[in-house]
Amino acid sequence: MGQKIQAVKGMNDLLPVAQKDFKLTADIWQAFEDAITAWARRFAYRQIRTPIVEQTGLFVRSIGEETDVVGKEMYTFSDSNDALSLSLRPEGTASCLRAVVEHNLLYNGPQKLWYMGPMFRRERPQKGRYRQFHQVGVEALGFDSVDADAEVIAMCADLWQQLGIGEHLALELNCLGNREERAAHRAALVVYLQQNEAILDDDSRRRMHTNPLRVLDTKNPVLQDMVNAAPKLIDYLGETSQSNYTELKSLLAALDIEYTENPRLVRGLDYYNHTVFEWTTDKLGAQATVCGGGRYDGLVEELGGKSTGCVGFAMGVERLLLLVQEYGCLKSEAAPDVYLMRQGNGSTAVAMQLSEQLRRVGLSVYQHCGTQSLKAQMKKADASGARFAAIIGDDELTNNTITLKDLTGQLGQHTMPQSDAVHLLQQWKTTNGCE
Ligand code: HAM
């Protein structure tokens, strides 16, 4: 026997059943994907799918060389001719914009897009943090005004309500202003950090010049007082930025979306300006951020297109589903409606024809395969979670009937003509099956 090969650390298999250290199942994942597709459709966003591998330069230019994501966490390799550096995508925004610019989609006017798929970051794995994780992302491209910011935030709030986790998620909001405002704030911040250099830790000292805003994001408890007293970006915002931010807040108030302003919220990717936001929970331990996003008006131009306003967000599917599984209300349809059992010469073809008829009218049918006693088959039917067992034994074969047994016991057991059974089960499915 060959040695077993294991999955790569931090990259999970999604199985029909929960695992000891990874509780999500493929069933809840599928139900979530279905819910997401319907949700995006309700908001009239259209789907985009891009490759998982891109040229490394795309991420360097868009996310920023000094960020942790690009500087430390990307899976990067040379293509076989060595000339081209490729990376597994660490997020979806850069790829989405690369595709939009490459195919000139904005020529047809603004685009409201969404995507879903695996992303890769070489972080230290723990609950809620993986090296292959999944995002659902939304990008509104070609929109300069804050109604688009309000819409994408409202989309999140709508989804949380639908998934039954609204009360476990809190919105944090900040405004990063424009390039000049950030530069003025940055200059003041560097001076302030230099004045406090003696107490900075190594990470903060390193970031002080490369990415001083990120110092404000430090989790080091010793630095919190220093960070709290640091110059605040909000005090450097000009009139236009201030009034846009005020308008966004009043739109959120009109939509009954609660938020907390967090002047220290800077996000870990370099492309943001003006609005940034995060949805966090206190139910997932250290990996508290379930969704993050904001405005990135300079990115289309940075990637070779015409300058235009853009805003979007991405949620971490694993984190969100851990929350939904524990506190939410996403119904997954794992069990079949009918477990079809059979015994006796000639029963296979009849059972298969009947399964086909039932599936055609919308039922999920588990067709028993192999030769086992009806008793053994009934055990499997019980274990499958099916609502009904449908039995074709010798008597049923002779009489063209079928026996239906309600495995919950509610509707008992009845033998009837096969066509009646199809009709009855179809009726049950339309009236009760989707509850
Ligand atoms: P991000 O904040 O880097 O933003 O990631 C979005 C979400 O992905 C996070 O809030 C988190 O839930 C999830 N996530 C990130 N890293 C991991 C990980 N290692 N394991 C599990 N989940 C993770 C972006 O990626 C931006 N592209 C969002 C955006 C879209 N901004 C504008 N448009």
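1. How far apart are the mean positions of the 45 positive and 55 negative charges of the chain? In this predicted model, the two mean positions are 6 Å apart.

2. As an overview for someone coming to the chain without prior acquaintance, there are 16 helices and 16 strands, and the C-alpha trace spans about 90 × 60 × 45 Å along its principal axes. Of the 435 residues in the chain, 49% are buried, while the area that the chain exposes comes to about 22200 Å², with carbon and sulfur atoms supplying 48% of that area. If one takes the contacts between residues at least 6 apart in sequence, 69% of these contacts join residues at least 24 apart.

3. One sheet to trace in the structure is an open one of eight strands, whose order is β1-β5-β6-β11-β10-β9-β7-β8 and whose pairing is mixed. Its edge strands are β1 (46-47) and β8 (260-261), each of which pairs on one side only. In general, the strands of a sheet pair through backbone hydrogen bonds, and they may do so in the parallel or the antiparallel sense.

4. At the β8 edge, the neighbour is strand β7 (residues 170-175), which runs parallel to β8 and is joined to it by two bridges. A reader who wishes to locate this pairing can start from Glu172, whose bridge partner in β8 is Thr260.

5. A second place to look is strand β12 (residues 338-342), which is largely enclosed by the rest of the structure, because five of its five residues are buried. Val338, Leu340 and Arg342 point one way from β12, whereas Tyr339 and Met341 point the other way, and the residues on both sides are buried; the arginine is thus among the buried residues of this strand.

6. Strand β12 has parallel pairings with two strands, β13 and β14. With β13 (residues 365-367) there are three bridges, and Leu340 has Gln367 as its bridge partner there; with β14 (residues 388-392) there are five bridges, and Arg342 stands opposite Ile392. The strands β12 and β13, taken together with helix α13 (residues 347-360), make a right-handed β-α-β unit.

7. Two residues deserve a check of their backbone angles, since most residues other than glycine have a negative phi. Ala44, in the loop between α1 (26-42) and β1, has a phi near 60 degrees, which is a positive value in a residue other than glycine. Asp256 likewise has a positive phi, near 60 degrees, and is found in the loop between α10 (239-254) and β8. The relative accessible area of Asp256 is 69%, and this residue therefore counts as exposed, the cut-off being over 50%.

8. Is Asn211, a loop residue, buried or exposed? Asn211 lies between α7 (202-210) and α8 (212-215), and its relative accessibility is 11%, so that it counts as buried, for which the cut-off is under 20%. When its neighbours within four places in sequence are left aside, Asn211 is in contact with Glu66 and Asp270.

Technical notes
Residues numbered from 1 in each chain as written. Predicted model: local features only at pLDDT ≥ 70, side-chain atom pairs only at ≥ 80, totals over all residues. Heavy atoms only, no water. Buried < 20%, exposed > 50% of the residue type's maximum accessible area, 1.4 Å probe, protein only. Helix = DSSP H or I, 4+ residues; strand = E, 2+ residues; numbered from the N terminus. Pairing = 2+ DSSP bridges. Right-handed = clockwise from strand over helix to strand, strands pointing away. Contact = heavy atoms within 4.5 Å. Areas by Shrake-Rupley, 256 points an atom, 1.4 Å probe, with all protein chains shown as cover. Lys, Arg positive; Asp, Glu negative; His and termini not counted. Charge placed at Lys NZ, Arg CZ, Asp CG, Glu CD.
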